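Grab a pencil and have the viewer open. Here are a few exercises on helix packing and ligand contacts, each with a worked solution.

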Amino acid sequence: MSLHVLDLARGFVRGAGLLGSVALDGTAGNGHDTLFLARLVGSGGHVYGFDIQGQAIGATSGRLEEAGVSERVTLFQEDHARLRELLPLGTTLRAAMFNLGYLPHGDKGIITSTTSTVAALEGALERLESSGVVTVVLYSGHPGGQEESNAVLEWARALAREVAEVGWYQRWNARTPAPSLIVISKR
Ligand SMILES: C[S@@+](CC[C@H](N)C(=O)[O-])C[C@H]1O[C@@H](n2cnc3c(N)ncnc32)[C@H](O)[C@@H]1O
């Protein structure tokens, strides 16, 4: 069993039971998680994916086409902070995944930013169904990463227990700085 945060995030999302439901990938990147979600929701469900970079939207779109699941995914080349306005009115989410930081093999200067990330997380939590899940993978090794991780952790720690259960995982014996995973399960 892998204890890598990316695999653990997927395990939590799988456990939320996504078949036929709606999910969000807040940071589409190269599209690995978007495709994972598209397969989980099946042909009766839908996935919304956000990324600010054209390169990421292009890579994600290509991956989805190759897998034959593009019709169940809507991609926005937009700041995920805009999800409140851009998701169709009344949309409820079964799961939302965020994998922060920069695009692997892309421009390491384009990174997620605290204000947008927290606004997007709030928007996703608002739309989350009861017992739905939000996963956030945090990196602290790049410039600005530590500040963003701290701010997101502070936000998550402050969530009232009546609203959601919140967990935080980090491998003890990984090479430092190890990424960590926040999991939020809505009441
Ligand atoms: C670590 S990568 C995501 C990897 C992706 N989950 C995958 O499976 O390939 C982080 C992504 O967040 C994107 N990003 C940065 N700021 C953003 C924002 N404000 N809104 C949406 N995406 C953003 C970057 O362009 C980058 O592609």
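**Exercise 1.** At what angle do helix α1 (residues 5-15) and α2 pack, and how far apart are their axes?

*Solution.* One thing to keep in mind as you work: this is a predicted model.
- Step 1: fit the two axes; they make an angle of about 20 degrees and sit 11 Å apart.
- Step 2: classify the pair. Angles under 35 degrees count as roughly parallel, and α1 and α2 are therefore roughly parallel to each other.
- Step 3: get the handedness, which is right-handed for the crossing of α1 and α2.
- Step 4: list who touches whom. R10, V13 and R14 of α1 make the contact with H32, D33, F36, L37 and L40 of α2.
- Step 5: sort these residues by class, and the α1 contact with α2 comes out as 4 nonpolar, 1 polar and 3 charged.

**Exercise 2.** Now work out how α2 packs against helix α3.

*Solution.*
- Step 1: α2 covers residues 32-41 and α3 covers residues 54-67; their angle is about 35 degrees, with 9 Å between the axes.
- Step 2: the crossing of α2 and α3 is again a right-handed one.
- Step 3: on the α2 side you'll find H32, T34, L35, A38 and R39, and they meet T60, R63, L64 and A67 of α3.
- Step 4: the class count for α2 with α3 is 4 nonpolar, 3 polar and 2 charged residues.

**Exercise 3.** Which residues of α5 and α6 meet each other?

*Solution.*
- Step 1: set up the geometry. Helix α5 (residues 114-127) and helix α6 (residues 145-157) pack at about 30 degrees, their axes 9 Å apart.
- Step 2: the pair is therefore roughly parallel, and the α5 and α6 crossing is right-handed.
- Step 3: from α5 come T114, T117, V118, L121, E122 and L125; their partners in α6 are E147, E148, A151, V152 and W155.
- Step 4: that contact splits into 6 nonpolar, 2 polar and 3 charged residues.

**Exercise 4.** How many residues surround the ligand, and which are the closest?

*Solution.*
- Step 1: count them, and you get 23 residues around the ligand.
- Step 2: pick out the closest, namely T27, N30, D51, Q53 and H80.
- Step 3: look at polar atoms. An N or O atom in the Q53 side chain is 2.9 Å from a ligand oxygen.
- Step 4: turn to D33, where a polar side-chain atom lies 3.2 Å from a nitrogen of the ligand.
- Step 5: finish with G31, whose backbone puts a polar atom 3.5 Å from a ligand oxygen.
- Step 6: link back to Exercise 1, since D33 is also one of the α2 residues in the contact with α1.

Definitions and conventions:
Residues are numbered from 1 along each chain as its sequence is written. This is a predicted model: local features need pLDDT of at least 70, side-chain atom pairs count only at pLDDT 80 or more; totals for chains, interfaces and linings use all residues. Side-chain values use heavy atoms; hydrogens and water are left out. Axes are lines fitted to C-alpha atoms, for helices over the stretch in contact, and angles run from 0 to 180 degrees between N-to-C directions. Helices (H or I, at least four residues) and strands (E, at least two) are DSSP runs, numbered from the N terminus. Angles under 35 degrees count as roughly parallel, over 145 as roughly antiparallel, 65 to 115 as roughly perpendicular and the rest as oblique. A crossing is left-handed if the near helix is turned anticlockwise from the far one by less than a right angle, and right-handed if clockwise. Contact means heavy atoms within 4.5 Å. Ala, Val, Leu, Ile, Met, Phe, Trp, Tyr, Cys and Pro count as nonpolar, Asp, Glu, Lys and Arg as charged, and the others, Gly among them, as polar. A residue is near a molecule or strand if one of its heavy atoms lies within 4 Å of it. A polar contact is a pair of N or O atoms within 3.5 Å; within protein, one must be able to donate a hydrogen and the other to accept it, and residues adjacent in sequence count only if both atoms are side-chain atoms.
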